[in-house]
Amino acid sequence: MANIQNRKAHFDYYIEEKYEAGIVLHGNEIKSLRLGNVNMNDSFCFLREGEVSVKNMHIAFYEHSDGFSSKDTRRDRKLLLHKHEIAKIAGKTNRQGYTLVPLKMY
């Protein structure tokens, strides 16, 4: 399985805390992720209606999949976190200057 890192985030941001979260993926995205066809450089996370989502993460379309699969490679993907973690993140990101950035996928 691929180990994808967002190296640019370590240079652009000061990393204060790290969280580990699951991500909701659709069929062909899983195989593409295993091949390492992911670009996280311009991606960021945001809170909406009590849920955390990652935006602008590019997971390339898996070329051997059927034509009925989603072809939106930069769609918003929901992150799976505990409620207390989401509340803590919401409190931090409401402060001025705090941003939630994905660092690594494995």
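**Close-up views of a predicted model**

**Figure 1. Lining of the largest pocket.** By residue class, the lining of the largest pocket comprises 25 nonpolar, seven polar and eight charged residues. The model shown in this and the following views is predicted. The lining is made up of 40 residues, and the space within the largest pocket amounts to about 1,100 Å³. Nearest the centre of the pocket lie K18, Y19, V101, P102 and L103. Both helices and strands contribute to the lining: α1 (7–12), α2 (27–34) and α3 (83–93) each provide at least two residues, as do β2 (22–23), β5 (51–55) and β8 (104–105).

**Figure 2. The open sheet of four strands.** The strands are arranged in the order β2-β7-β5-β4, and their pairing is antiparallel. At the edges of this sheet stand β2 and β4 (44–48), each of which pairs on one side only. In general, the strands of a sheet are joined through backbone hydrogen bonds, in either a parallel or an antiparallel manner.

**Figure 3. Pairing of β7 with β5 and with β2.** Strand β7 (residues 77–80) pairs with β5 in the antiparallel sense over three bridges. R77 in β7 is the bridge partner of V54. The antiparallel pairing of β7 with β2 runs over two bridges, and here L80 of β7 is the bridge partner of G22. The two faces of β7 are occupied by separate residue pairs: R77 and L79 form the covered face, whereas K78 and L80 form the uncovered one.

**Figure 4. A salt bridge between β7 and β5.** K78 and E51 form a salt bridge in which the closest N and O atoms are 3.4 Å apart. Because K78 belongs to strand β7 and E51 to strand β5, the pair ties together parts that are 27 residues apart in sequence. K78, which sits on the uncovered face of β7, has a relative accessible area of 34% and is therefore partly exposed. E51 is also partly exposed, its relative accessible area being 34%.

**Figure 5. Salt bridges of E17 with helix α3.** Side chains of opposite charge can pair when their charged atoms come close. Nine salt bridges are counted in the model. In one of them, the side chains of E17 and K88 meet with an N to O distance of 3.7 Å. This contact joins distant parts of the chain, since E17 lies in the loop between α1 and β2 and K88 lies in helix α3, 71 residues apart. E17 also meets K92 in a salt bridge, with an N to O distance of 2.9 Å. Here too distant parts of the chain are linked, with E17 in the loop between α1 and β2 and K92 in helix α3, 75 residues apart. Together with E16, the residues E17, K88 and K92 are linked in a network of salt bridges.

**Figure 6. Accessibility within the salt-bridge network.** Which of the residues is buried? K92 has 18% relative accessibility and so counts as buried, the cut-off for burial being under 20%. E17, at 33% relative accessibility, counts as partly exposed. K88 likewise counts as partly exposed, at 45% relative accessibility.

**Figure 7. Two buried residues in loops.** N6 is located in the loop between β1 (4–5) and α1. With 0% relative accessibility, N6 counts as buried. The side chain of N6 reaches the backbone oxygen of M40 at 3.0 Å. R75 is found in the loop between β6 (58–59) and β7. A relative accessible area of 14% places R75 among buried residues. R75 is separated from E51 by 24 residues in sequence and, from C-alpha to C-alpha, by 15 Å in space.

Notes. Residues numbered from 1 in each chain as written. Predicted model: local features only at pLDDT ≥ 70, side-chain atom pairs only at ≥ 80, totals over all residues. Heavy atoms only, no water. 1 Å grid on protein atoms, 1.4 Å probe; cavity = no way out; pocket = protein on both sides within 12 Å on 5 of 7 lines; lining within 4 Å. Points joined across faces, edges and corners; volume = space filled by probe spheres on them. Nonpolar A, V, L, I, M, F, W, Y, C, P; charged D, E, K, R; others polar. Pairing = 2+ DSSP bridges. Salt bridge = Lys/Arg side-chain N within 4 Å of Asp/Glu carboxyl O. Buried < 20%, exposed > 50% of the residue type's maximum accessible area, 1.4 Å probe, protein only. Polar contact = N/O pair within 3.5 Å; in protein donor to acceptor, adjacent residues only side chain to side chain.
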